Amino acid sequence: MNKLPADKPVAIDLVNASLAKRHASEKLFQRLGLLSLLMGLTFLFILFFSIISKGYTAFQQTFIQLEIDFDAQSLGVEATSAPEILSSADYGGLVKESMREMFPEADSRQKKRLLYDLVSSGAAYQLRSMVMDDPVLIGQTRQVWVPAGDDVDMLIKGHMKREVPEAQRRLRDMQITWLDRLQAEDNLSLKFNTAFFTNGDSREPELAGIWGALMGSLLTLAVTLVLSFPVGVATAVYLEEFAPKNKWTDFIEVNINNLAAVPSIVFGLLGLAVFINFMSFPRSAPLVGGLVLTLMTLPTIIIASRAALKSVPPSIREAALGIGASKMQTVFFHVLPLALPGMLTGTIIGMAQALGETAPLLMIGMVAFIVDVPSNVFDPATVLPVQIFLWADSPERAFVERTSAAIMVLLAFLIAMNALAVMLRKKFERRW
């Protein structure tokens with residue numbers, strides 16, 4: 001029997017050496033994958049921690065308790081005055097009078113101005129609403145909690161340091177002394193900020209809320225859903241089940257796939273040119289925003305719906321046709337119900353994508369400063385992402401926490417919509 005030279009390795013040694021290298025490469029790949037996963041989770045944690053740490057304080061607001069004397073003479077009205085007279089009364093004067101009574105040492109014009117700055121300008125509107133809802137308050141004295149100014153709010157929440165020199169902060173030493181007195185007398189307190197969820201936008205951070213932007217988002221998404229879901233599903237059913245396979249349908253399919261990758265701002269330019277300039281639809285309206293987002297989400301819904309139709313086994317179609325069902329009966333009574341969960345999942349994901357869009361809505365004017373809450377799709381409105389963009393561009397420190405809090409609300413909606421998509425997939429998914 002011939003023997004191999006001593007200096008030449010046998011085949012098994014070559015195989016073992018190769019296996020060792022492959023096992024080492026596999027372990028290295030697994031470690032790199034695990035490292036990438038940990039890095040992604042770390043960055044995600046840092047992102048969420050940064051947003052939450054800056055925004056959770058926006059869910060509380062500093063309030064000052066004032067003793068308000070709803071004196072008719074101070075208001076310049078009578079107890080039996082008409083509502084339009086009560087609406088235009090001097091409610092700001094009541095707030096100033098109460099502040100002067102609490103701090104009589106504010107006897108100069110400059111000191112009074114510093115004193116009045118402790119209370120938000122929204123206090124007067126709050127008193128006005130109270131009187132308009134209950135005119136019997138005229139002539140009575142009530143303890144009322146009114147919102148403090150944004151600088152006071154920042155100081156109480158610790159975002160403004162009182163230890164720094166007076167010239168480097170917005171509140172003067174005298175104002176801080178007054179606030180300490182209010183706090184010692186239990187007339188200064190942090191309460192849940194309901195205004196953040198019930199008000200529209202405002203130039204004053206302590207009065208700004210997300211309700212207007214939230215309603216604008218809901219109305220815009222409602223228009224998007226009503227238009228995109230039936231059109232997208234109908235297009236997918238036609239292309240997948242009825243359309244002949246020729247160059248024309250191939251051209252349509254290629255363009256649908258290309259539209260899914262088009263930058264969203266292009267759809268905004270299209271909406272500006274077609275819906276506003278050509279069709280004269282109202283600018284900043286949820287109707288136009290919904291139409292623009294419909295154009296943007298249609299490719300996503302069509303592609304997801306076609307994938308859901310393809311996932312239905314051919315045996316379902318063959319069995320239905322075999323027992324005498326027509327092509328349309330087969331599609332609408334057998335194939336479509338089985339593909340519907342996948343279609344709904346794709347639609348919800350498309351809606352979640354549309355909820356976070358900003359660029360196309362900026363092009364159609366939904367970046368305008370909107371105070372009133374929209375009541376229908378024709379009213380001027382803004383949406384949550386645009387509201388976040390506007391607040392992030394504001395110079396006041398108090399808008400930083402409002403921005404982060406609005407991002408938290410937006411992320412909560414996105415997580416809820418994606419969780420709904422996963423639940424629908426798990427609940428209705430069938431495996432063949």
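**Exercise 1. Determine which helix gives the most residues to the lining of the second largest cavity, and describe that lining.**

Step 1. Helix H10 gives the most to the lining of the second largest cavity, with 4 residues. Helices (H or I, at least four residues) and strands (E, at least two) are DSSP runs, numbered from the N terminus. The model is predicted: local features need pLDDT of at least 70, side-chain atom pairs count only at pLDDT 80 or more, and totals for chains, interfaces and linings use all residues. Residues are numbered from 1 along each chain as its sequence is written, and side-chain values use heavy atoms, with hydrogens and water left out.

Step 2. Leu214, Ser217, Leu218, Leu221, Leu355, Leu384 and Phe413 line this cavity. On a 1 Å grid over the protein atoms alone, a cavity is a set of points where a 1.4 Å probe fits but cannot get out, whereas a pocket is an open set with protein on both sides within 12 Å along at least five of seven lines; lining residues have an atom within 4 Å of a point.

Step 3. By class, the lining comprises 6 nonpolar residues, 1 polar and no charged. Ala, Val, Leu, Ile, Met, Phe, Trp, Tyr, Cys and Pro count as nonpolar, Asp, Glu, Lys and Arg as charged, and the others, Gly among them, as polar.

Step 4. The space in the second largest cavity is about 30 Å³. Grid points are joined across faces, edges and corners, and a volume is the space filled by probe spheres set on the points.

**Exercise 2. Describe the lining of the largest cavity.**

Step 1. The structure holds 2 cavities of 30 Å³ or more, and the volume of the largest is about 50 Å³.

Step 2. Its lining consists of Ser217, Thr220, Leu221, Leu293, Ala354, Leu355, Glu357, Leu361, Val383 and Pro385.

Step 3. At least two lining residues come from each of helix H10 (211-242) and helix H15 (327-355); H10 provides the largest share, 3 residues.

Step 4. In this lining, 7 residues are nonpolar, 2 polar and 1 charged.

**Exercise 3. Establish whether Ile176 is buried or exposed, and place it within its helix.**

Step 1. Ile176 belongs to helix H8 (residues 173-184). Because its relative accessibility is 7%, Ile176 counts as buried (buried means under 20% relative accessible area, exposed over 50%, partly exposed in between; 1.4 Å probe, protein chains only).

Step 2. Leaving aside residues up to four places away in sequence, Ile176 touches Leu155, Arg162, Arg169 and Leu171, contact meaning heavy atoms within 4.5 Å. The C-alpha atoms of Ile176 and Leu155 are separated by 8.8 Å.

Step 3. The buried residues of H8 are Gln175, Ile176, Trp178, Leu179 and Leu182. They cover an arc of only 160° around the axis, which puts them on the same side of H8; the arc is that of the directions from the helix axis to the C-beta atoms.

Step 4. Among the elements covering these buried residues are strand E1 (60-69), helix H4 (91-102) and helix H7 (150-156).

**Exercise 4. Compare the residue classes that line the largest and second largest pockets.**

Step 1. The largest pocket has a volume of about 510 Å³. Helix H6 gives the most to its lining, with 5 residues.

Step 2. The lining of the largest pocket divides into 7 nonpolar, 10 polar and 5 charged residues.

Step 3. The second largest pocket holds about 230 Å³ of space. Its lining has 4 nonpolar, 4 polar and 8 charged residues.
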